[in-house]
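Trainee: Could you take one part of this model and go through it closely, giving the cut-off behind each term as you use it? I would rather follow one connected account than a list.

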Amino acid sequence: MTDVLAAFDRHRRLLFSVAYQMLGSVADAEDVVQDTWLRWSAADRSDVADERAYLVQITSRLALDRLDSARARRETYVGPWLPEPLLTGTAPVGAAPLPEPSEAAELGEQVSLALLVVLETLSPAERAVFVLREAFGMPVAEVAAALGRTEAAVRQMAHRAREHVQARQPRFDADRKAQREVTERFLAAAVSGDVESLLAAMAPGVVLVADGGGKVTAARRPIVGADKVARFLAAVGPQGTELPGLRVEIAEINGAPAVVAWTDDGPFMALQLVLADGLVEQVLYVANPDKLAGLARP
């Protein structure tokens with residue numbers, strides 16, 4: 001059993017990352033990894049030539065099975081739905097350690113919250129193909145085997161998914177230093193209620209999407225326009241300073257700087273900005289407590 005576990009552990013982070021990018025949920029991804037382990041430990045492995053490909057195949061199919069039920073749940077979700085944020089850098093001072101198995105997760109190319117939102121608009125099969133091909137660079141033959149599709153079908157789905165994502169993915173600044181500087185200024189302005197500084201940081205057509213899931217107070221619809229977004233943030237920002245034990249840090253989530261907050265009760269919220277030409281074009285705010293497992297050890 002020790003050898004079986006060691007073989008599985010070699011690929012655990014990859015399997016978590018595949019499942020997370022397909023599902024947008026830390027909890028669901030961890031469940032898929034656990035189910036993959038159960039199947040791996042019970043399987044006849046004598047004829048397994050490639051452990052990695054075999055395990056990715058199991059994980060991909062289990063994640064696909066979950067996608068349909070996940071989409072059904074989202075149809076009754078209260079307010080906008082956003083993916084679960086995931087710490088991908090060093091945990092900030094005062095935060096809990098990064099959760100397993102997501103610590104140092106092999107996230108492939110940067111998978112921002114904004115990109116995961118776009119992936120939600122793909123069909124389950126197209127999303128699986130996009131993740132395996134684009135994020136992890138797996139060969140067409142390996143993806144076809146993992147999903148039980150022909151290579152021709154995989155190429156076609158990959159082409160459609162790539163065009164779909166490129167057409168809808170927000171433009172964003174890749175300069176990490178600039179992202180952090182804007183995020184720090186944005187945080188300071190929001191906490192102090194400085195409307196003018198918030199307006200200076202945002203594009204005129206900025207959109208704020210808040211995910212409270214009906215569990216906490218949050219805007220039930222996207223807020224559009226710099227003036228409306230600035231006034232909303234200036235109104236709610238100072239209120240958070242009254243929470244007991246509040247700690248607010250700039251941390252790396254999903255490969256990019258973000259504002260993350262904890263209270264004495266645990267993770268409180270995550271906010272990530274999407275920048276273009278130095279201005280904020282999207283504000284993605286996750287406050288549903290059920291979605292914050294990726295910010296602290298469960």
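Mentor: Glutamate 51 counts as partly exposed, at 27% relative accessibility, a class that lies between buried (under 20% relative accessible area) and exposed (over 50%), with a 1.4 Å probe and protein chains only. Please keep in mind that this is a predicted model, in which local features need pLDDT of at least 70 and side-chain atom pairs count only at pLDDT 80 or more, whereas totals for chains, interfaces and linings use all residues. Residues are numbered from 1 along each chain as its sequence is written, and side-chain values use heavy atoms, with hydrogens and water left out.

Glutamate 51 is paired with arginine 10 in a salt bridge, their closest N and O atoms lying 3.1 Å apart; the term requires a side-chain nitrogen of Lys or Arg within 4 Å of a carboxyl oxygen of Asp or Glu. This pair ties together distant parts of the chain, since arginine 10 sits in the loop between α1 (2–9) and α2 (12–23) while glutamate 51 belongs to helix α4, 41 residues apart. Helices here are DSSP runs of H or I with at least four residues, and strands are E runs of at least two, both numbered from the N terminus. Arginine 10, for its part, counts as exposed because its relative accessibility is 54%.

Helix α4 also carries arginine 66, whose side chain meets that of aspartate 35 in a salt bridge with an N to O distance of 3.9 Å. Here too distant parts of the chain are linked, with arginine 66 in α4 and aspartate 35 in helix α3 (residues 26–42), 31 residues apart. Arginine 66 is partly exposed at 24%, and aspartate 35 is partly exposed as well, at 29%.

These two helices also pack against each other: α3 and α4 meet at an angle of about 135°, with their axes 9 Å apart, where axes are lines fitted to C-alpha atoms over the stretch in contact and angles run from 0 to 180 degrees between N-to-C directions. The angle therefore makes α3 oblique to α4, given that under 35 degrees counts as roughly parallel, over 145 as roughly antiparallel, 65 to 115 as roughly perpendicular and the rest as oblique. On the α3 side, the residues making the contact (heavy atoms within 4.5 Å) include Asp28, Asp31, Asp35 and Trp40, and on the α4 side they include Glu51, Leu55, Ile58, Arg66 and Arg73. By class, the contact has seven nonpolar, two polar and seven charged residues; Ala, Val, Leu, Ile, Met, Phe, Trp, Tyr, Cys and Pro count as nonpolar, Asp, Glu, Lys and Arg as charged, and the others, Gly among them, as polar.

A salt bridge within one helix offers another case: glutamate 184 and arginine 180 pair at 3.2 Å, N to O, and because they are four residues apart in helix α9 (residues 176–192), about one helical turn separates them. Glutamate 184 is partly exposed at 37%, and arginine 180 is partly exposed at 38%. Back at α3 and α4, salt bridges that share partners join Asp28, Asp31, Asp35, Arg66 and Arg73 into one network. For the wider setting, the structure holds 17 salt bridges, its secondary structure comes to 11 helices and six strands, and 52% of its 298 residues count as buried.
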